[in-house]
Each structure stands twice: as C-alpha cells, then as structure tokens.
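Here are a few worked exercises to try with the model open in your viewer. Have a go at each task before reading its solution.

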Amino acid sequence: MTQHPEERRLNRLAASYNKKARQYGVSGDITAIELARKPLRCMYCGIGLEVGQGTFDHMIPFDKGGTNEDLNIVRSCLTCNRKKFTKSPAEFVEHQTLVVACEVCGTEYQPRWGEYINGRARVCSRVCAGRKRWMKT
Ligand SMILES: [Zn+2]
Ligand SMILES: [Zn+2]
C-alpha cells in the first residue's frame, strides 16, 4: 500500500514533534491524523493553505511550559513559523505590530525580537550600525 505524500509528511512531522517532546520531558503524543484535521489556514495571519503547504507550530513553546497535545498545536504558514521562533502567542502578536525608530536615520522598522527584549534594537540596518559606531568616535 502506498501512502499519500501528505500522509507521509504528517507522519514524519508528528514523529519529530513526539521525539522532541520526549527530549524536553513534555507530555502529549500527536498523531498524523490530528495534524491532518487542523483547518487549512495559518492560525496567525489567516492565510489559506493548500494540502501539503505550510507547517505546524506549538503555540506555547516547550521551553515555556507548552505541551505536545492537540490543543497546543496549530497549522501555520512558513513565514509566520519562521518569525515566531520561540515567542509566546502574546509576544508574537506584540512583535507583529512592534515598530521602533532607528537612532541614526529615524526610519521606523521592526526590530528582531531577541534584540528588542535585550534592549539592543536601536538601528535599522547594518549601514546605520556602522554609522553609529563612526559617530561615536
Ligand atoms: Zn501565517
Ligand atoms: Zn537607520
């Protein structure tokens, strides 16, 4: 019996989530069927997805107390999945609308979350970072 490619993909994803959950000592076992039942759209930006597109995301990451249970897993487009990293849903929403002004040129831009929470988001680009260093001397 041959498997549908999407069934193979979901089986592989479920296996990798379950393996990671065990590594983190997190409860829950997700199945390919449960993944297949998720609505075909990104839970973060709402974009529609075709079968085989996008990926899945643990809304509350394992390292923030999230589980590997069905309720904590949503379908997500690749863009949102990449942007989210290990932010909590509240942090993710905050970051989506976060804009700060560049210290050098004044341009408003979206800083990287990690730099922002560490208080290091001050310049919009590498060019401005270079200029800032130069202005100091
Ligand atoms: Zn999305
Ligand atoms: Zn700038």
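**Exercise 1.** Which atoms coordinate the zinc ion (ligand 2), and what arrangement do they make?

*Solution.* Keep in mind that this is a predicted model. Start with the donors: C102, C105, C124 and C128 each offer SG to the zinc ion (ligand 2), at 2.2 to 2.4 Å. Next, check the angles. To pass as tetrahedral, four donors need all angles between 85 and 135 degrees. Around the zinc ion (ligand 2) the 4 donor atoms subtend 105 to 113°, so the arrangement is tetrahedral. For reference, the ideal angle for four tetrahedral donors is 109.5 degrees. Finally, read the donors along the chain: their spacing is C-x2-C-x18-C-x3-C.

**Exercise 2.** Work through the zinc ion (ligand 1): what are its donors, angles and sequence spacing?

*Solution.* The donors come from C42, C45, C77 and C80, each through SG, at 2.3 to 2.4 Å. Angles of 102 to 116° between the 4 donor atoms make this arrangement tetrahedral. Along the sequence, the donor residues of the zinc ion (ligand 1) follow C-x2-C-x31-C-x2-C.

**Exercise 3.** Take C102 and C105, then C42 and C45: is each buried or partly exposed?

*Solution.* The cut-off for buried is under 20% relative accessible area, with exposed over 50% and partly exposed in between. C102, at 4%, is therefore buried. C105 has 37%, so C105 counts as partly exposed. Now the other zinc ion's pair: C42 comes out at 1%, hence buried, while C45 sits at 44% and is partly exposed.

**Exercise 4.** Where do the side chains of strand β2 point, and how does β2 pair with β1?

*Solution.* Begin with the general pattern: side chains in a regular strand alternate between the two faces of the sheet. In β2 (residues 73–76), I73 and R75 point one way, V74 and S76 point the other way, and all are buried. As for the pairing, β1 (residues 55–58) runs antiparallel to β2, with 4 bridges between them. One of the partnerships to look up is F56 with R75 of β2.

**Exercise 5.** Which element holds N18, is N18 buried or exposed, and what does N18 touch?

*Solution.* Locate N18 first: N18 belongs to helix α1, which covers residues 5–24. Its relative accessibility is 10%, so N18 counts as buried. Then list the contacts, leaving out residues up to four places away in sequence: N18 touches G28, D29, I30 and N68.

Notes:
Residues numbered from 1 in each chain as written. Chains lettered and ligands numbered in written order. Predicted model: local features only at pLDDT ≥ 70, side-chain atom pairs only at ≥ 80, totals over all residues. Heavy atoms only, no water. Donors = N, O, S within 2.8 Å, 3.2 Å for Na, K, Ca; no water. Tetrahedral: all angles 85-135°; square planar, octahedral: opposite > 155°, others 65-115°. Buried < 20%, exposed > 50% of the residue type's maximum accessible area, 1.4 Å probe, protein only. Helix = DSSP H or I, 4+ residues; strand = E, 2+ residues; numbered from the N terminus. Contact = heavy atoms within 4.5 Å. Pairing = 2+ DSSP bridges.
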